[in-house]
Amino acid sequence: MFHEVVDDAARESGEAATEDGETADVTAASLRSAFGTALSETAADAGRTRLQEEAGLDAESADAALDGDVDEVTVADGAAVLALSDDRDADVVVAELRDHLLMGMTTAVLDVDTIAAGIDADLTGQEVQQALEGRAAMTVGELAEIAALIERRKR
């Protein structure tokens, strides 16, 4: 789900060379766009009624998912939308995402304070840790920032 989007972006950026022959980096903007596309396509297939009744989204979050404007949509709501596409459990989608992020942090040798200092989202190291552990809500925009940093540092 979310982590597959990150993996695809990392793979594509590794294949795309910049003018100086270096590989292009995964950016938060590219991940936001990819997350927005994935959510809007799934939301359109599901329809507003399923988004609100089955995924439990409020009207504002349903509109954001349908429009692909997902910066302020919570990861939990985004996972609920994506889970509609193949009848998966949204909690499992979020757990897989957390595992992917934590494994990426290990590979990139990153801690939460380094992540907080390296992203544009206004989060402290403690807030990053709480978001990664699921003790605090994380938005899709924050996810894009964190995932992009992890992917860049893994290289």
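This passage looks at the nonpolar core, a buried serine and the salt bridges of a predicted model.

Start with the inside. In soluble globular proteins, nonpolar side chains tend to be buried together. Here, the largest nonpolar core takes in 53 residues, and the ones with the most contacts inside it are Phe2, Leu31, Phe35, Leu101, Ile115 and Leu143. Eight stretches give two or more residues each to this core: helix H1 (2-15), helix H2 (28-53), helix H3 (59-67), helix H4 (75-83), helix H5 (90-108), helix H6 (112-118), helix H7 (125-133) and helix H8 (140-154). Ile115 makes a handy example of how things fit together. Setting aside neighbours within four places in sequence, Ile115 is in contact with Met105, Leu110, Val128, Ile146, Leu149 and Ile150.

Not every buried residue is a nonpolar one, and Ser40 is a case in point. Ser40 sits in helix H2, and its relative accessible area is 17%, so it counts as buried, the cut-off being under 20%. Once residues up to four places away in sequence are left out, Ser40 touches Ala65, Leu66, Asp67 and Gly68.

Now for the charged side chains. Side chains of opposite charge can pair when their charged atoms come close. The model holds 7 salt bridges. One of them joins Arg48 to Asp63, with 2.5 Å between the closest N and O atoms. That pair ties together distant parts of the chain, as Arg48 belongs to helix H2 and Asp63 to helix H3, 15 residues apart. Neither partner is fully tucked away: Arg48 is partly exposed at 38% relative accessibility, and Asp63 is partly exposed at 32%.

Arg88 and Glu96 also meet through their side chains in a salt bridge, at 2.5 Å from N to O. Both ends come out as partly exposed, with Arg88 at 26% relative accessibility and Glu96 at 27%.

The bridge between Lys154 and Glu151 is a local affair within helix H8, where the two lie 3 residues apart, about one turn of the helix. Their closest N and O atoms are 3.1 Å apart. The two partners do not share a burial class: Lys154 is partly exposed, with a relative accessible area of 32%, whereas Glu151 is buried, at 5%. Elsewhere, salt bridges with shared partners link Arg32, Asp71 and Glu145 into one network.

Terms used
Residues are numbered from 1 along each chain as its sequence is written. This is a predicted model: local features need pLDDT of at least 70, side-chain atom pairs count only at pLDDT 80 or more; totals for chains, interfaces and linings use all residues. Side-chain values use heavy atoms; hydrogens and water are left out. A nonpolar core is a set of buried Ala, Val, Leu, Ile, Met, Phe, Trp, Tyr and Cys residues joined through side-chain atoms within 4.5 Å. Buried means under 20% relative accessible area, exposed over 50%, partly exposed in between (1.4 Å probe, protein chains only). Helices (H or I, at least four residues) and strands (E, at least two) are DSSP runs, numbered from the N terminus. Contact means heavy atoms within 4.5 Å. A salt bridge is a side-chain nitrogen of Lys or Arg within 4 Å of a carboxyl oxygen of Asp or Glu.
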